[in-house]
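Here's a quick tour of how two protein chains meet each other and a DNA strand. Have a look at the structure first, then walk through the points below.

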Number of protein chains: 2
Amino acid sequence: MRVRLEDVARRAGVSPKTVSRVLNDEANVSDATRKRVTEAMEAMDYRPLSSARSLAGNRSFLVAMLYDNNDNPASTYLAEIQDGVLEACDAHRYNMMVRPLRMRGEDFVRRLDAVISDHHPDGIVLTPPITDYAPLLKRLRERQVPFASVSPVSRENNIGVAMDEQLAARTMVEHLLSLGHRRIAHVSGIADHGASRWRLAGYREAMAAAGLVEDPALVVQGAFTFASGVAAARQLFALKKRPTAVFAANDDMASGVMWVANERGMKVPQDISVCGFDDIPLARQLWPALTTIRQPSREMGKVAALQLLEVLRGRGPGRLVEMPFSLEVRDSTASPA
Amino acid sequence: MRVRLEDVARRAGVSPKTVSRVLNDEANVSDATRKRVTEAMEAMDYRPLSSARSLAGNRSFLVAMLYDNNDNPASTYLAEIQDGVLEACDAHRYNMMVRPLRMRGEDFVRRLDAVISDHHPDGIVLTPPITDYAPLLKRLRERQVPFASVSPVSRENNIGVAMDEQLAARTMVEHLLSLGHRRIAHVSGIADHGASRWRLAGYREAMAAAGLVEDPALVVQGAFTFASGVAAARQLFALKKRPTAVFAANDDMASGVMWVANERGMKVPQDISVCGFDDIPLARQLWPALTTIRQPSREMGKVAALQLLEVLRGRGPGRLVEMPFSLEVRDSTASPA
DNA sequence: GACACAATTGACAGCGCTGTCAATTTGCAG
DNA sequence: CTGCAAATTGACAGCGCTGTCAATTGTGTC
């Protein structure tokens, strides 16, 4: 039969409640007792039954990671974040569950409610763009479910992890400027995503700082997908005055731009420079290897989860951690002809 | 306060046990009673508390998906499978948890034991190559944890999902042969993975059927990664008698082969045909778009999980479902010069 | 209409743990 | 030593559900 808390208590010569205290790392247990109990637990290979702990203690040891799977069926970005969140949860013996939450339709908040009512997660990790949907955040606060965000738009009242994407985008465009490019196009992401706004803002900031007047034709709306990158590139390359460089708001769209360049017989980077953002594995697999901004997604997932866990474990309020980015100059950018 | 089973019972005018029976879809409840209880549940928006159900009923409603994360940090293939498993679990109100399980070192089985002891999953979904590690399967059977496999090597005593990968590989090579290729190389995967064996066997079968004698120099060992595809291609292209086509055992390796071709100034498909296997999103993003075998990974994850759930819900024994593949002819293959 | 038997329903205990609160021990000032 | 507060420990009930088994109701047969 399985070893129960009661069995450990008997062996350690204490009451079950004391073992419970040690298990939950509570204060007010003498060192001697704590040691004795810990030894008994190890000797008996005691494994607490989480359903019993949940029922009695009214908590679930569950962290839910929410994501929008509208256009992200199996995105590498999310897989990496998930990996990081999982690592953090494991370290503190929390379970992780992943929940797609299609951000479409009226009943979005109701589906969040269902997740909470059905699974009672102790806390939630939000990924973009769910991080910024006000009604949902409101509901989470109402229901008092702690949450941490990955790259939220607002830095106020948020814990989790962020990166200075605007500065990163600006750095990327400055790289293109330093190569001598002046007609630099931007393929943006879904308009209301924070990532799109920051990256566009960084582009504009760099262009303005270089004294260039923005040509509206050079800014094309995309949707973070390969297909939208293809469409945007077709539009840009049909211009009378073509750009000499294209900065896409993520790597998937950049790959679409490169694809169209190839299709038209344009050489990258000789005829056109292309760069992206995120540094997913694809970036190195393309020919030529894609110049991009490295975003440490896995680490970001981990850090966001750790902030949440700090709150869940009553260890502190958690904070919004700023992660560093880096410009990865590879072979898809060069000086214009 | 939350609605409990007892509250539903009172409203429906029956005993709690009867509500429990309806909740668990048990036999021996009269239609009239079942209807009354169901209505009461809905009217009150009753949400059973899974920790209480688990504790009392000694089951967890948990399906664990195990994967080997040695070289698969955030593979698209696994992300798609996970997505399918999740959909199936959701449909039957089971929870899903993902567990990386590094298949290295002695304590591999012990780590499986820990997962079972800590989380008590009702069932497990195995992904390659974990599907074929005998000591692990033995342990699962000893501990009586039902499991279903995705693409297991052995079709005996296994439920889950499979694809005729050997036939698929043969079909791919026949496509190359029909284009006129004779010197066809193969970049294989990790030697003891079923996928590698089947794909290599299909290659050999097709070559033999065409009356060609195998040139050992044309079969290079890879490891399913981009980097290993690059290394293999360098080796192949250094040959005095180069291949005119390369069939890589997966898309990531194929992209490595294409990368090296580009590096050497070889045109795909004019100078060399390249093809892969799996049809991950990358395949369409490469230039030229990669000819490959489409494997419906998401669907396979779903079907494997459904077989497992059939067992868990006592609905039947489950079976090994055969999935169809398809040859996706794109632009990376053509007749040799 | 009486009987045997099957189908349906309910009473009750208890799953393994933790919250509450009371009892006991310890530490320390005087 | 004594007295008192703080620290430590324990007794006990109960979290919300299901397994077991007994009680009740329905069904078919002669």
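A salt bridge here means a side-chain nitrogen of Lys or Arg within 4 Å of a carboxyl oxygen of Asp or Glu. By that rule, 6 salt bridges cross the interface of chain A and chain B. Keep in mind that this is a predicted model.

**Where the chains meet**
- Chain A puts 41 residues into the contact, and chain B puts in 41 residues.
- Between them the two chains bury about 3,600 Å², with 54% of that on carbon and sulfur atoms.
- On the chain A side, A:Trp259, A:Gln285 and A:Trp287 lose the most area to chain B, together 19% of what that side buries.
- One of the salt bridges pairs the side chains of A:Arg93 and B:Asp118, at 3.2 Å from N to O.
- The interface also has 21 residue pairs in polar contact.
- For the side of chain A that touches chain B, α5(A) supplies the largest share, 7 residues.
- Sorted by class, that side of chain A has 19 nonpolar, 11 polar and 11 charged residues.

**Around DNA strand D**
- There are 25 residues around DNA strand D, and A:Arg21, A:Thr33, B:Leu5, B:Ser20 and B:Tyr46 come nearest.
- Of the strand D atoms that come within 4 Å of the protein, 66% belong to sugar and phosphate.
- A:Arg21 goes for a base: one of its polar side-chain atoms lies 2.6 Å from a base nitrogen of strand D.
- Phosphate oxygens of strand D lie 2.8 Å from a backbone N or O atom of A:Ser15 and 2.8 Å from a polar side-chain atom of B:Asn24.
- The largest share of the surface near strand D, 4 residues, comes from α4(B).

Note on methods:
Residues are numbered from 1 along each chain as its sequence is written. Chains are lettered from A and ligands numbered from 1 in the order in which they are written. This is a predicted model: local features need pLDDT of at least 70, side-chain atom pairs count only at pLDDT 80 or more; totals for chains, interfaces and linings use all residues. Side-chain values use heavy atoms; hydrogens and water are left out. Contact means heavy atoms within 4.5 Å. Buried area is the accessible area (1.4 Å probe) that two parts lose on being put together, summed over both. A polar contact is a pair of N or O atoms within 3.5 Å; within protein, one must be able to donate a hydrogen and the other to accept it, and residues adjacent in sequence count only if both atoms are side-chain atoms. Helices (H or I, at least four residues) and strands (E, at least two) are DSSP runs, numbered from the N terminus. Ala, Val, Leu, Ile, Met, Phe, Trp, Tyr, Cys and Pro count as nonpolar, Asp, Glu, Lys and Arg as charged, and the others, Gly among them, as polar. A residue is near a molecule or strand if one of its heavy atoms lies within 4 Å of it.
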